[in-house]
Amino acid sequence: EAYLDQEADKGEDLAPRAPVVTIMGHVDHGKTSLLDAIRQTKVAESEAGGITQSIGAYEVLVGEKKIVFIDTPGHEAFTQMRARGAKVTDLVVLVVAADDGVMPQTLEAIDHAKAANVPLVVAINKTDKPNANPDKVKKQLAEYGLIPEEWGGDVLFASVSAKKMQGIDELLELIILQADMLELKTNPNKLSRGIIIESRIDKGRGPVATAIVQEGTLRIGDPVVSGLHFGKVKALLSHVGKRLKDAGPSTPVEIIGFNFVPEAGEKFAALESERLSREIALSRQTKAKESVGVRSAKLSLEELYSRIKEGELKELPVIIKCDVRGSVDALMESLEKIATDEVKINIIHSGVGGISESDVLLASASNAVVIGFKVRPDMKAQRLAENEKVDIKVYEVIYELIDSVKKAMAGLLEPEFRESLQGTAEVREVFNIPKVGAVAGCYVTDGKIMRNSNVRLLRDNVIVYTGKVSSLKRFKDDAKEVLQGYECGLGLENFNDVKVGDIIESFVLEKVTPVL
Ligand code: GDP
């Protein structure tokens, strides 16, 4: 990896570069529409030949200045890259619909941007709607610390209508203004470094990767390496499909010439020689094979204390998800109270509802622990957490939660039981049987449901019931377990309030021996 190190740039070698922008916000607030509107108004008029297919990013010119937009809106892409240690976004445009106001994913976006230390420009969208209320949106956002300039704050706000293509130029001006304050600079005259943002196999052209060049200039003929793969740049295509000879800093570009498809979110580097790029990729491949499944573990509550002792850690970053807003507030208050001189508790994100993939990604990117109170991770989030080695702790009693965080801070937390998820089933029908009570007609969607296991009933990923299976039947017969893809009738001990659409999780508790 030492071959990838470059000499530090001298001040006089640096030149300004364009900002790279990601659009975030609540679902349906108009992220995609806004990206389309900007592309239509700006790209079409500046580039001859019109628009070809999207390559994952595009650039627009505002006067003399360039802005690069990442074309996949949303939080996952943004945080996923960050989880891999890649920072591609300089600035976030937060879209909030003027008729809907601040919503859960709006807050999530604010937290993601904050955790990444990336400034925000707010675009209040859908201002063409009769029930649009931009002032209300401003007030709401001010409550979360985003205070507009006109009220003495430092956050730039634009009013737009993506649908009517209004306010787009003003928004772009604000983005330039905000970006100017960042004084983004880099050295364009060296071997290039950047990030792959999309990749695919193209029938005729082989592996095609869209990258954003971050430093230096990428040229045709450059040997390149990205993750486990290498190649030699055969062709470079601009965001409108134009052939380029080279691509400087902050240029989205399609690279043709990799031997395999590099992964999105991975960094790339150009090197002096083909031999070197091949060697690096091959040595990484060998290493990757040796360490299959060994992913560096993120912070866990159990090892918090040793990390503090070693001086590595001064705060515990946490993400809190709860069943209701009231619990979030109560929890945040209690957690703040138990901070000590050595350790502060840093709540990087809190919200209502089940633990999602997005929460896990944010935790992974910020090396945080996810704490759920009366909520659960869904199957996808659970899998991702296992992959990313993110510690998720769920509690159903506030005292236990606080107690284990306290113990973790004092180094007294001993791992006891870890639950292992056996499977999930979806309730498709509910039968009320006299003298027996409610029996849930279920379809096992994942793993298996076992008669002697513990179960949990979730409604929108919020825990409604925890207990035991009282009966498990396939047709008329008792069953010990029912596997994925099969239907079953399931009764829950002392619980009759089952509803269609509920999810039942079956789990066992395994004793974990503390590691010395
Ligand atoms: P996303 O989920 O944030 O990407 O939102 P979309 O861009 O898919 O937009 C969601 C819906 O809002 C679509 O039906 C759009 O047509 C509509 N929409 C987006 N922007 C505007 C706008 O400025 N005005 C109005 N009236 N509707 C809009």
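**Exercises on two sheets, a helix pair and a ligand site**

Strand β3 (residues 57-62) and strand β4 are joined by six bridges and run antiparallel to each other. Helices (H or I, at least four residues) and strands (E, at least two) are DSSP runs numbered from the N terminus, and two strands count as paired if DSSP finds at least two bridges between them. The model is predicted, with local features needing pLDDT of at least 70 and side-chain atom pairs counting only at pLDDT 80 or more, while totals for chains, interfaces and linings use all residues. Residues are numbered from 1 along each chain as its sequence is written, and side-chain values use heavy atoms, with hydrogens and water left out.

**Exercise 1.** Place β3 and β4 in their sheet, and describe the order of the strands and the helix that packs there.

Solution. Begin with the β3 and β4 pair, in which A57 stands opposite I70 of β4. The two strands form a hairpin with two residues between them, and G63 in the turn has a positive phi of about 60 degrees. Next, follow β4 (residues 65-70) to strand β2 (residues 20-25), with which β4 pairs in the parallel sense over two bridges; here V20 faces V68 of β4. The whole open sheet then has six strands in the order β3-β4-β2-β5-β6-β7, with mixed pairing. Its edge strands are β3 and β7 (156-159), each of which pairs on one side only. Finally, helix α5 (residues 168-182) packs on this sheet and touches β2, β3, β4, β5 (91-97), β6 (120-125) and β7, its direction making about 100 degrees with that of β4. Such angles run from 0 to 180 degrees between N-to-C directions, with axes being lines fitted to C-alpha atoms, for helices over the stretch in contact.

**Exercise 2.** Work out the order of the four-stranded sheet and the direction of helix α8 against β19.

Solution. The open sheet has the order β19-β18-β20-β21, with parallel pairing. At its edges lie β19 (344-352) and β21 (392-395), each pairing on one side only, and the twist averages 25 degrees from one strand to the next. Looking at one pair, eight bridges join strand β18 (residues 315-322) to β19, and K321 stands opposite G351 in β19. Helix α8 (residues 325-337) lies across β18, β19 and β20 (369-373), and runs at about 180 degrees to β19.

**Exercise 3.** Describe how helices α7 and α11 cross, and which classes of residue make their contact.

Solution. The axes of α7 (residues 301-309) and α11 (residues 398-410) come within 7 Å and cross at roughly 35 degrees. The contact (heavy atoms within 4.5 Å) is made by L301, L304, Y305 and I308 of α7 together with A408, M409 and A410 of α11. By class, this gives seven nonpolar, no polar and no charged residues, where Ala, Val, Leu, Ile, Met, Phe, Trp, Tyr, Cys and Pro count as nonpolar, Asp, Glu, Lys and Arg as charged, and the others, Gly among them, as polar.

**Exercise 4.** Identify the residues that come nearest to the ligand, and give the distance for S33.

Solution. Of the 15 residues around the ligand (a heavy atom within 4 Å), D28, K31, T32, S33 and D128 come nearest. A polar side-chain atom of S33 lies 2.6 Å from an oxygen atom of the ligand. From the backbone, a polar atom of D28 is 2.7 Å from a ligand oxygen atom, and an N or O atom of H29 lies 3.4 Å from an oxygen atom of the ligand.

Definitions and conventions:
A polar contact is a pair of N or O atoms within 3.5 Å; within protein, one must be able to donate a hydrogen and the other to accept it, and residues adjacent in sequence count only if both atoms are side-chain atoms.
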